[in-house]
Amino acid sequence: MSTLADSPAIERVRHDTRMRLLDVVRVADVTPLMRRITLSGDVEGFVTLGHADHVKCFFGEPGAVPVIPVLGPNGAEFPQGHPRPQMRDYTPRAFDAAANTLEIDFVLHGDGPASSWAAQAAIGQTLLIGGPRGSLIVPSTFDWYLLAGDETALPALGRRIEELPAGARILAVIEVDNLAEEQRFTTRADLSLTYVHRNGRPAGTTTLILDAVQSLALPPGTGYAFIAGEATMSKAVRQHLLDQRGLNPDWLRALGYWVLGEADSH
Ligand SMILES: Cc1cc2nc3c(=O)[nH]c(=O)nc-3n(C[C@H](O)[C@H](O)[C@H](O)COP(=O)(O)OP(=O)(O)OC[C@H]3O[C@@H](n4cnc5c(N)ncnc54)[C@H](O)[C@@H]3O)c2cc1C
């Protein structure tokens with residue numbers, strides 16, 4: 001069994017950031033509220049090494065011809081006369097260099113430039129993306145992994161579950177609206193996956209994930225926890241793991257992927 005002292009370091013890798021105007025080549029619903037958009041085209045050199053990588057997606061006015069910005073010291077700079085489009089963060093769910101395709105899964109949560117774009121997306125449209133700027137690589141040698149999050153984290157959690165090797169022990173808690181929103185994953189790891197259902201209650205308004213994590217029996221040894229989703233939930237789970245479970249903050253990453261009632265929280 002490993003100890004904190006011999007756990008390998010977490011590695012940060014920077015990537016050359018490029019803007020890419022990609023073509024929508026496939027639109028498919030993974031579940032009724034999760035739309036997978038497959039993009040293709042200018043993906044040469046695209047790198048995504050970490051399950052929690054993200055790209056910036058840009059959403060202009062409907063029908064507007066997308067303009068590719070220049071990357072300056074303050075990020076993407078658009079030419080004069082071209083207003084900066086709305087920008088949201090999304091996880092590269094899968095990248096296939098041989099097939100030249102990048103898949104992104106969008107939660108269809110209702111109003112918002114990203115969700116609204118995904119809801120109307122069709123083959124032949126384009127999407128402007130930038131990044132990922134870097135990847136965080138967490139070794140696969142921890143004694144166990146706790147993964148928790150809502151639908152927005154499903155792409156990152158799904159990647160992690162699929163990539164961890166045989167022998168890795170994963171406890172996962174995922175909140176979705178109902179049974180039809182559950183996703184199944186193929187993995188060689190030893191996975192114990194618990195789905196919790198809101199059953200019609202609005203996302204970000206329940207304590208379902210916290211409650212489920214509180215009732216988990218954590219295995220012995222050194223674990224690594226990754227929590228992502230609505231910010232209040234993520235913070236509460238983080239606090240619980242630090243205060244009540246004594247997790248080492250170095251082995252805990254809790255991210256607010258969105259904020260209830262707040263548009264463009266990033
Ligand atoms: C690193 C990172 C990776 C992410 N990866 C993904 C991903 O792969 N797939 C994905 O779907 N999302 C992902 N998200 C979350 C996504 O960026 C946010 O949900 C974003 O706010 C959606 O933008 P929007 O334009 O649809 O809504 P916004 O204009 O930002 O918000 C409009 C309203 O909708 C609410 N809202 C936003 N998201 C949700 C939601 N999921 N459920 C209910 N209400 C919501 C807001 O509180 C606000 O009231 C990620 C976020 C981060 C930071």
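Strands here are DSSP runs marked E of at least two residues, numbered from the N terminus, and two of them pair if DSSP finds at least two bridges between them. With that in hand, here's a first detail of this predicted model: β2 runs into β3 through a hairpin, with two residues making the link.

**The strands around that hairpin**

Let's stay with β3 for a moment. It covers residues 34-41 and pairs with β2 in the antiparallel sense. β3 also has β9 as an antiparallel partner. Here are the two pairings side by side:

| Strand pair | Sense | Bridges |
|---|---|---|
| β2 and β3 | antiparallel | eight bridges |
| β3 and β9 | antiparallel | seven bridges |

You can pick out residues that face each other across these pairs. Asp29 sits opposite Arg35 of β3, while Thr38 is opposite Glu103 of β9.

**Two domains**

Now zoom out. The domain assignment splits the protein chain into domain 1 (13-134) and domain 2 (138-258). Their C-alpha centres are 25 Å apart. How many residues of domain 1 are in contact with domain 2? Twelve are, and they meet 15 residues on the domain 2 side. Two familiar strands turn up here: β2 (19-31) and β9 each give at least two residues to the side of domain 1 that touches domain 2. Sorted by class, that side of domain 1 has six nonpolar, four polar and two charged residues.

**The nonpolar core**

The largest nonpolar core counts 54 residues. Among those with the most contacts inside this core are Cys57, Leu147, Leu157 and Val237. Both domains chip in, with at least three core residues coming from each of domain 1 and domain 2. Leu157 makes a handy example: once you leave aside its neighbours within four places in sequence, Leu157 is in contact with Leu147, Gly149, Ala172 and Ile174.

**Around the ligand**

There's a ligand too, and 28 residues surround it. The closest are Thr91, Val107, His109, Gly112 and Ser115. Elements giving two or more residues to this shell are β7 (86-90), β9 (101-107), α1 (113-120) and β16 (252-258). As for the mix, the shell has twelve nonpolar, nine polar and seven charged residues.

Why does the ligand lie between domain 1 and domain 2? Because both domains give residues to the shell around the ligand.

If you want one strand to follow through the model, try β9: it pairs with β3, supplies residues to the side of domain 1 that touches domain 2, and gives residues to the shell around the ligand.

Notes: Residues numbered from 1 in each chain as written. Predicted model: local features only at pLDDT ≥ 70, side-chain atom pairs only at ≥ 80, totals over all residues. Near = placed C-beta within 6 Å. Helix = DSSP H or I, 4+ residues; strand = E, 2+ residues; numbered from the N terminus. Nonpolar A, V, L, I, M, F, W, Y, C, P; charged D, E, K, R; others polar. Domains from an automatic or database assignment. Core = buried A, V, L, I, M, F, W, Y, C linked by C-beta atoms within 7 Å. Buried ≥ 20, exposed ≤ 12 C-beta atoms within 10 Å, placed from the backbone. Contact = placed C-beta atoms within 7 Å.
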